[in-house]
Amino acid sequence: MTTVDKTEVEKFSKLAKDWWNPNGQFEPLHLFNPARVKFIKEKLIFYFKLNTNAQEPLKKINILDIGCGGGLLCEPLKRLGATVTGIDASKNNIEVAKFHANEMNLNINYINCSPENFEIINKFDVILNMEVVEHVSDVDLFIKNCSKLIEKNGIMFVATINKNL
């Protein structure tokens, strides 16, 4: 069973080239991304007891961003030292994310898939489900599938603009 809502994937696939336009369709994400990154960084430093003053405080953290879109959240977390993997059901989104990360000289692993068909070798310290649950067909199944990808003592962030769990 899949949690992918094909209508939502098609919608975002058509918008993919606009991900990195701060005045485009994704302007709201660009506007609150600094606050979102700060919140995640602070919570991870506290939760994993990391060095706040380190240049790359997330150096030992392995993050999976589910529904990563064009990589707006992946890139700043990579700059903070994390090992970052981004997955998205839209092939176009992944292509844009890969292109931009390459342009920025950032090593981020981007994969076109959904959590239920993502094959992993090791689980992740952190799972991000940021502004994605409102775009899936079955939220409960989606969260269950995401939970299978996280380490026993890992942490999952879930945020949505217009729905909640």
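## Backbone outliers in loops

Asn105 is exposed in this predicted model, with a relative accessible area of 71%. The residue sits in the loop between helix H4 (91–103) and strand S3 (109–112). Its phi is positive, at about 60 degrees, although Asn105 is not a glycine. Most residues other than glycine have a negative phi.

A positive phi also occurs at Glu131, another residue other than glycine, where the value is near 55 degrees. Glu131 belongs to the loop between strand S4 (124–130) and helix H5 (139–147). With a relative accessible area of 14%, Glu131 is buried, because the limit for that class is under 20%. Asn105, by comparison, is exposed.

## The sheet

The two loops lead to elements of an open sheet. Five strands form this sheet, with parallel pairing and the order S3-S2-S1-S4-S5. S3 and S5 are the edge strands, and each of them pairs on one side only. From one strand to the next, the twist averages 20 degrees. Strands of a sheet pair through backbone hydrogen bonds, either parallel or antiparallel.

The pairing of S4 with S5 can be described in detail. These strands run parallel and are joined by six bridges. Within this part of the sheet, Val126 stands opposite Ile155 in S5.

## Helices across the sheet

Helix H4 lies across strand S2 (83–88) and S3. Its direction makes an angle of about 165 degrees with S3, which is one of the edge strands. H4 also precedes the loop that holds Asn105, which continues to S3.

Helix H5 lies across strand S1 (62–66), S4 and S5. Relative to S5, H5 runs at about 145 degrees. The loop containing Glu131 connects S4 to this helix.

## Aromatic pairs

The structure holds four aromatic pairs. In one of them, the ring centres of Trp19 and Phe26 are 3.7 Å apart and the planes meet at 5 degrees, so the pair is stacked. Trp19 and Phe26 are both buried.

Phe39 and Phe157 form an edge-to-face pair, because their ring centres are 6.2 Å apart and their planes stand at 80 degrees. Phe39 lies in helix H2 (residues 27–47) and Phe157 in strand S5 (residues 150–159), so the pair ties together parts that are 118 residues apart in sequence. The two residues fall into separate accessibility classes: Phe39 counts as partly exposed at 43% relative accessibility, whereas Phe157 counts as buried at 8%. The strand that carries Phe157 is an edge strand of the sheet.

## Cysteines

The structure has zero disulfides, where such a bond requires a pair of cysteine sulfur atoms within 2.5 Å. For Cys74, the closest cysteine sulfur is that of Cys68, at 4.8 Å, which is too far for a bond.

Accessibility was also computed for two of the cysteines. Cys74 counts as buried, with 0% relative accessibility. Cys146 likewise counts as buried, at 0% relative accessibility.

Technical notes. Residues are numbered from 1 along each chain as its sequence is written. This is a predicted model: local features need pLDDT of at least 70, side-chain atom pairs count only at pLDDT 80 or more; totals for chains, interfaces and linings use all residues. Side-chain values use heavy atoms; hydrogens and water are left out. Buried means under 20% relative accessible area, exposed over 50%, partly exposed in between (1.4 Å probe, protein chains only). Rings of Phe, Tyr and Trp (its six-membered ring) pair if their centres lie within 6.5 Å; planes under 30 degrees apart count as stacked, over 60 as edge-to-face and the rest as tilted. Helices (H or I, at least four residues) and strands (E, at least two) are DSSP runs, numbered from the N terminus. Two strands pair if DSSP finds at least two bridges between them. Axes are lines fitted to C-alpha atoms, for helices over the stretch in contact, and angles run from 0 to 180 degrees between N-to-C directions. Contact means heavy atoms within 4.5 Å.
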